[in-house]
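Take a look at the structure shown here. The report below walks through a strand, some charged pairs and a surface patch.

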Amino acid sequence: MLPALQTVIPGPESLRLAADLRVHESRNVTYMDESWPVFWERAEGTNVWDADGNRFLDLTSAFGVAGLGHRHPEIVAALHSQADTLLHGMGDVHPTALKGQLCRALSEITYGRWNGTTGKVVLSNSGFESVETALKTARLATGKKGIVAFTAGYHGLGYGSLLGTDLPKFQGPFGDQLAPITTRLPFGGSEIDQLDGSDIGAVLVEPIQGRGGKVIPPADFLPRLREWCDRNGALLIFDEIYTGFHRTGKTFACEWDQVVPDLICLGKALSSGFPISACVGKSTVMDAWPQSTGEALHTSTFLGHPVGCAMALKSLEILQRPETAEMVAEKGAYLGEKLKSLGKARGRGLMWGLELPENAGALLGSLLKDGLLMLADGPEGNVLSFTPPFTISEEEIDFTIERVSAHLKSPRV
Ligand SMILES: Cc1ncc(COP(=O)(O)O)c(C=O)c1O
């Protein structure tokens, strides 16, 4: 549904809530200015309503989580039915049947589909935790401590995942607390061919960069990394937290180049709205973890949360229906075509970026006033990001393009 014509954004209730939040939340967390933020109250499909009753069109899928649309009825039903029986389990001690079902489903959708083998899983809560699980696995499996990561990569903000992330503002004050074990190479390049791999245990990469600006590497990039890892005894880790589950038009972005990783990190759209993530690895690699003798070496209180597992299982089922892939292909082609008519656009499936001459920040407030929830990416914040729910209509795409185009012609309204 198209946004209703907005008049005052943020409205009085959002302003009141912002004033209250400012008193009680760390000032670093929520950005606030005269045009930002609005407070979300409810959502359905491609629409979000704020606390003042304004209706918006969500071009972000809420950080890429709601690919199937906000509050998909089958996923809401799975959540309700699980909440009626068990709200929390004991993940690594007395688990639920759902945890086993989800691990099996994740094995089948990755290594099962790729090469008929079995993958093994460590579940976690946020995306960055699955990256840290993968880095620990590489250390155990190879005995080597070094990692290779790439320019403009984003892997999350925990101390471990910051070893991979390359947006210097995030390392900032914490840089001198991070072990100097990262070799940073240009994303998409062939520099790895010259690298001595004797102390490199992991190569961590997004098959298509998300927050780095929707950057697709040359077709020989991932195969080169695969070949280098095989030659040097390092593990290839694909971070598909953003790109996974059809976002780029394939179940996983690595399928565009038909390269199979040793470990894959998943999160965001996995459950369509519950904080759950997973590191899935080749079983031979994952068996580098020792057998538990009573206490897991790596776990957390909410690991394998039953509500998250129930929602993830339902999401995986819906994601694998042929109509999901069809929707992404169809809408993605339509959106891509329109974006290219606006300027320098790049992307795949329903993950697109439009490169602007300058930081897109000012534009985001104006777009919000038009009813468009949007974000900017790229190291300079100059890539306008388009990652809508797969259910977006052509009419909604047309509206978005028309509004973006108007602002590009007369910016900073
Ligand atoms: C590719 C990638 N990896 C890791 C993360 C971190 O995930 P989370 O914010 O859930 O920790 C993100 C989040 O945007 C991401 O895009």
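The text starts with one strand and then moves on to charges. Keep in mind that this is a predicted model.

**A covered strand**

Begin with strand β5, residues 146-150. How many of its residues are buried? The count is 5 of 5, so the strand is mostly covered, because buried means under 20% relative accessible area.

In a regular strand the side chains alternate between the two faces of the sheet. Here, G146, V148 and F150 point one way from β5. I147 and A149 point the other way. Both sets are buried.

Strand β5 has partners. With strand β6, residues 182-185, β5 pairs in the parallel sense over 4 bridges. A149 stands opposite R184 in β6. Strand β7, residues 200-205, also runs parallel to β5, and 3 bridges join the two. There, G146 has I200 in β7 as its bridge partner.

**Salt bridges**

Now turn to the charged side chains. The model has 22 salt bridges in total. Three of them are listed here.

| Pair | Closest N to O distance |
|---|---|
| R71 and E44 | 3.8 Å |
| R184 and D166 | 3.6 Å |
| K338 and D398 | 3.4 Å |

Take R71 and E44, a salt bridge with its closest N and O atoms 3.8 Å apart. R71 lies in the loop between α2 (61-64) and α3 (73-83), while E44 lies in strand β1 (residues 40-44), so the pair ties together parts that are 27 residues apart in sequence. E44 is partly exposed, at 47% relative accessibility.

Next comes R184, the residue opposite A149. The side chain of R184 meets that of D166 in a salt bridge of 3.6 Å, N to O. R184 sits in strand β6 and D166 in the loop between β5 and α6 (168-171), so parts 18 residues apart in sequence are tied together. Is R184 buried or partly exposed? At 27% relative accessibility, R184 counts as partly exposed.

The third pair is K338 with D398, where the closest N and O atoms are 3.4 Å apart. Which elements does this pair tie together? K338 belongs to helix α10 and D398 to helix α12, so the link spans parts that are 60 residues apart in sequence. Both residues are partly exposed: K338 has 27% relative accessibility, and D398 has a relative accessible area of 31%.

Salt bridges can also share partners. In this model, such bridges join E74, K314, E317 and R321 into one network.

**A negative patch**

Some charges gather on the surface. Which residues form the negative surface patch? They are E323, E326, E330 and E394. Helix α10, residues 322-342, gives the largest share of the patch, with 3 residues. E394 lies in helix α12, residues 394-409. E394 is partly exposed, with a relative accessible area of 38%. That value suits a patch residue, because patches are made of residues with over 30% relative accessible area and no salt bridge. Helices α10 and α12 are also the two that K338 and D398 tie together.

**One residue in the first helix listed**

Finally, look at L21. L21 lies in helix α1, residues 12-24. At 27% relative accessibility, L21 is partly exposed. How far apart are L21 and V383? In sequence, 362 residues separate L21 and V383; in space, the two are 29 Å apart, C-alpha to C-alpha.

Notes. Residues are numbered from 1 along each chain as its sequence is written. This is a predicted model: local features need pLDDT of at least 70, side-chain atom pairs count only at pLDDT 80 or more; totals for chains, interfaces and linings use all residues. Side-chain values use heavy atoms; hydrogens and water are left out. Patches are made of residues with over 30% relative accessible area and no salt bridge: like charges are joined within 9 Å, nonpolar side chains (Val, Leu, Ile, Met, Phe, Trp, Tyr) within 5 Å. Accessible areas come from the Shrake-Rupley method with a 1.4 Å probe; for residues, only the protein chains shown count as cover. A salt bridge is a side-chain nitrogen of Lys or Arg within 4 Å of a carboxyl oxygen of Asp or Glu. Lys and Arg count as positive and Asp and Glu as negative; His and the chain ends are not counted. The place of a charge is taken as NZ of Lys, CZ of Arg, CG of Asp or CD of Glu. Buried means under 20% relative accessible area, exposed over 50%, partly exposed in between (1.4 Å probe, protein chains only). Two strands pair if DSSP finds at least two bridges between them.
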